[in-house]
Amino acid sequence: MANEYSITNRLEKKIQRIISHNLIHNIKYNRLKNISIDDIKLTKDLSSAKVFCSVLTSDLPKKNLESLLTKASGFFKKEIGKALEIKKIPTLIFIIDNHEEYANRINLLIEQTIKKDNEKK
């Protein structure tokens, strides 16, 4: 049976910790400090990594945050290279994940539907 916790999964977790640590401690741009790294998905050949982020609070549009994170990707790649001994550092693709907003919207719709059903009774 193959190892269920493969090298890809271990690298994903390590890269997530490295980026999160650097966002908290080493980034000087305060607007990026309110970003949480939720998940990382590496390709099988380890050439690129999708970094899923969520925004805690921000006055900037999500596209601006994605572009700021993309500009900082060189810094993150340098820090990943220092911490990990891998031949090729993956290209980082930042994606702002709005799952929390979506979940809140769904909950609101469910509550409205329940309220309407109770009014009909």
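1. Which residue in β3 is the bridge partner of Val51? In this predicted model, the residue of β3 that bridges to Val51 is Phe94, and a further pairing places Cys53 opposite Ile96 in β3. Strand β2, which covers residues 48–55, runs parallel to β3 and is joined to it by six bridges.

2. The sheet as a whole is open and consists of three strands in the order β1-β2-β3, with mixed pairing. Its edges are formed by β1 (35–42) and β3 (91–96), each of which pairs on one side only. If direction is ignored, neighbouring strands of the sheet are turned against each other by 25° on average.

3. Two helices should be described together with this sheet. Helix α1, residues 7–25, lies across β1, β2 and β3 and runs at about 155° to β1. Helix α2, residues 62–71, also packs on the sheet and touches β1, β2 and β3, and its direction makes about 160° with that of β3.

4. The side chains of β3 alternate along the strand, and the two faces differ in burial: Leu92, Phe94 and Ile96 point to one face and are buried, whereas Thr91, Ile93 and Ile95 point to the other face and are not buried. The bridge partners named in the opening point, Phe94 for Val51 and Ile96 for Cys53, thus carry side chains that belong to the buried set.

5. Phe94 also takes part in an aromatic arrangement, and a search of the whole structure finds two aromatic pairs. The ring centres of Phe76 and Phe94 are 5.9 Å apart and their planes stand at 50°, so this pair is tilted. The pair links distant parts of the chain, given that Phe76 belongs to helix α3 and Phe94 to strand β3, with their positions 18 residues apart in the sequence. Phe76 and Phe94 are both buried, and ring pairs join Phe75, Phe76 and Phe94 into a cluster.

6. Ile80 is another residue of helix α3, the helix that spans residues 73–83. Ile80 counts as buried because its relative accessibility is 0%. When residues up to four places away in sequence are not counted, Ile80 touches Ile15, Ile18, Ile19, Ile89 and Leu92, and Leu92 is one of the buried side chains of β3. Ile80 and Glu66 are separated by 14 residues in sequence, and their C-alpha atoms are 19 Å apart in space.

7. A point that deserves a careful look is Glu12, which is placed in helix α1. Is this residue buried or exposed? Glu12 is buried and yet has no salt bridge, the nearest side chain of opposite charge being that of Lys41, at 4.8 Å. That distance does not meet the cut-off, because a salt bridge requires a side-chain nitrogen of Lys or Arg within 4 Å of a carboxyl oxygen of Asp or Glu. Leaving aside neighbours within four places in sequence, Glu12 is in contact with Ile40, Lys41 and Leu42.

8. Lys41 does have a partner elsewhere, for its side chain meets that of Asp39 in a salt bridge, with an N to O distance of 3.5 Å. Asp39 counts as partly exposed because its relative accessible area is 24%, and Lys41 is likewise partly exposed, at 43% relative accessibility.

9. The count of salt bridges comes to two, and one of these is formed by the side chains of Lys82 and Glu79, at 3.4 Å from N to O. Lys82 and Glu79 both lie in helix α3, three residues apart, or about one turn of the helix. The two partners differ in accessibility: Lys82 counts as exposed at 60%, while Glu79 counts as buried at 15%.

10. A final remark concerns the backbone at Leu46, a residue in the loop between β1 and β2. The phi angle of Leu46 is near 60°, which is a positive value in a residue other than glycine. For context, most residues other than glycine have a negative phi. With a relative accessible area of 24%, Leu46 is partly exposed.

Conventions. Residues are numbered from 1 along each chain as its sequence is written. This is a predicted model: local features need pLDDT of at least 70, side-chain atom pairs count only at pLDDT 80 or more; totals for chains, interfaces and linings use all residues. Side-chain values use heavy atoms; hydrogens and water are left out. Two strands pair if DSSP finds at least two bridges between them. Helices (H or I, at least four residues) and strands (E, at least two) are DSSP runs, numbered from the N terminus. Axes are lines fitted to C-alpha atoms, for helices over the stretch in contact, and angles run from 0 to 180 degrees between N-to-C directions. Contact means heavy atoms within 4.5 Å. Buried means under 20% relative accessible area, exposed over 50%, partly exposed in between (1.4 Å probe, protein chains only). Lys and Arg count as positive and Asp and Glu as negative; His and the chain ends are not counted. Rings of Phe, Tyr and Trp (its six-membered ring) pair if their centres lie within 6.5 Å; planes under 30 degrees apart count as stacked, over 60 as edge-to-face and the rest as tilted.
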